[in-house]
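Work through the exercises below with the sequence and the model side by side, and try each task before reading its solution.

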Amino acid sequence: MRKAFEIGGAAIQPGSRRTVDIPVSVLSDHTPVTMSAHVIHGRRSGPTVFITAGIHGDEVIGAEIVRRLLAIRTLDSLKGTLITIPIVNAFGFLNQSRYLPDRRDLNRCFPGSARGSLAARLAHLLMHEVVERCDLGIDLHSAAIHRTNLPQVRVAAGDRESIRLAKVFGAPVVLQSSERDGSLRAAAQASGVRVLLYEAGEGLRFDELAVRAGVAGILRVLHDLGMITSRGVPKARGRSMLLKTSRWVRAPGGGLLRVYRDTGDVVSAGEVLAVVSDPFGEREREVIASADGIVVGRAVMPIVNEGDALFHIAQTPSNEVAENTVQTIRSDLEGDPIFDEDEII
């Protein structure tokens, strides 16, 4: 028999699951703030994995991914331990803000400090209570407010195991990106814990395709680690594209943005992606693709200023392969029965 899993002063017995409220702080009006974690502690031994969402309070799509994940029956026979935290930054979540009350970005404050700022203390709590006790993490994000992202997993270049797991996840794109100082991914890596960073959808919005890709990807990774059986795990027919370079195309001037291309579209160098015009329609400027590739992110706000990032284009080895990959994965997600409500419940 495995030992109970202790977190936040609570003990979760083998073969059980429980939501634990870990104390974070007390607001100025004496309202307590907690970081709530739902822990599934399997009867049989296996890896310990964490899933975090809402590190940025306005990136709400991860909370919906976790909600749907926890309703799937396959997790009832889990091997090992799964820790899910749908809302890390409760302060930002309640205020629909990316930041904490001290105006700090939590994802630039790791590993944190028990005696530092509010952001540093929250980062330290997450690292100490959760991250450092795990073998792997999956951190769920969306684009910032007024932008949207194609479902993608970001990993550090040269980390073969992370790249392999990212491909198992099965999002359309695996994008190699450097770890930013102060990020959860960088701090976890320094502690010997790999983290897959999932980016999809838009801030303060739910995107059905992005949610489905997130749930399916997590299930595939858990199955690959031997934590769940293959029952109910969506099989990926399309292979993720491993892309190494990307760049933003920026607004040539301020005005009103009319978009011709969307996330997932494959574009060619010199192609017109959008037009920026003044409110009178007297002057129009074309937004031109600077290279061949796939649109992995774009702005959704129609009012832009000169220099605003409008289209995030990742270079692909073959535009034909990119088009087939996105179409295949999108068709799989739209037609998979696991995403029917009756199947989930």
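**Exercise 1. Backbone angles in loops**

In which loop is the place of Leu204?

Solution. The model is a predicted one, in which local features need pLDDT of at least 70 and side-chain atom pairs count only at pLDDT 80 or more, while totals for chains, interfaces and linings use all residues. Residues are numbered from 1 along each chain as its sequence is written, and side-chain values use heavy atoms, with hydrogens and water left out. Start from the flanking elements: Leu204 sits in the loop between β10 (194-202) and α6 (208-224), where helices (H or I, at least four residues) and strands (E, at least two) are DSSP runs numbered from the N terminus. Next, look at the backbone, where Leu204 has a positive phi of about 60 degrees although it is not a glycine. Finally, consider the cover: Leu204 counts as partly exposed because its relative accessibility is 25%, given that buried means under 20% relative accessible area, exposed over 50%, and partly exposed in between (1.4 Å probe, protein chains only).

Now treat Arg103 in the same manner. Arg103 belongs to the loop between α2 and α3, and, although not a glycine, has a positive phi of about 65 degrees. With 60% relative accessibility, Arg103 counts as exposed. The loop between α2 (90-95) and α3 (118-129) also holds Pro111, which is joined to Phe110 by a cis peptide bond with omega of about 5 degrees.

**Exercise 2. An open sheet**

Determine the order of the strands in the sheet that contains β13, and explain which strands stand at its edges.

Solution. Begin with the pairs, remembering that two strands pair if DSSP finds at least two bridges between them. Strand β13 (residues 255-259) pairs with β15 (residues 272-277) in the antiparallel sense over four bridges, and one residue pair to look for is Leu256 with its bridge partner Ser277 in β15. Strands β15 and β16, which run antiparallel, are joined by five bridges, and here Ser277 has Glu284 of β16 as its bridge partner. Six residues lie between the strands in this hairpin of β15 and β16, where Gly281 takes a positive phi near 75 degrees.

Then assemble the whole: four strands form an open sheet in the order β16-β15-β13-β18, with antiparallel pairing. Because β16 (284-288) and β18 (303-304) each have a single partner strand, they stand at the edges, and one side of each is left without a neighbour in the sheet.

**Exercise 3. Surroundings of two strand residues**

List what Pro47 and Ser25 touch, leaving out residues up to four places away in sequence.

Solution. Pro47 is part of strand β5 (residues 44-53). Counting contact as heavy atoms within 4.5 Å, Pro47 touches Lys79, Gly80, Thr81, Asp135, Leu225 and Met227. Of these, take Thr81, which is 34 residues from Pro47 in sequence and 6.4 Å away in space, C-alpha to C-alpha. Ser25, in strand β3 (residues 16-26), touches Thr31, Pro32, Val33, Phe91 and Leu118, and its relative accessibility of 25% makes it partly exposed.

**Exercise 4. A covered helix**

How many residues of helix α1 are buried, and which are they?

Solution. Helix α1 (residues 61-70) is mostly covered, with eight of its ten residues buried. Reading along the helix, the buried residues are Ile61, Gly62, Ala63, Glu64, Ile65, Val66, Arg68 and Leu69. For the chain, 53% of the 345 residues count as buried.
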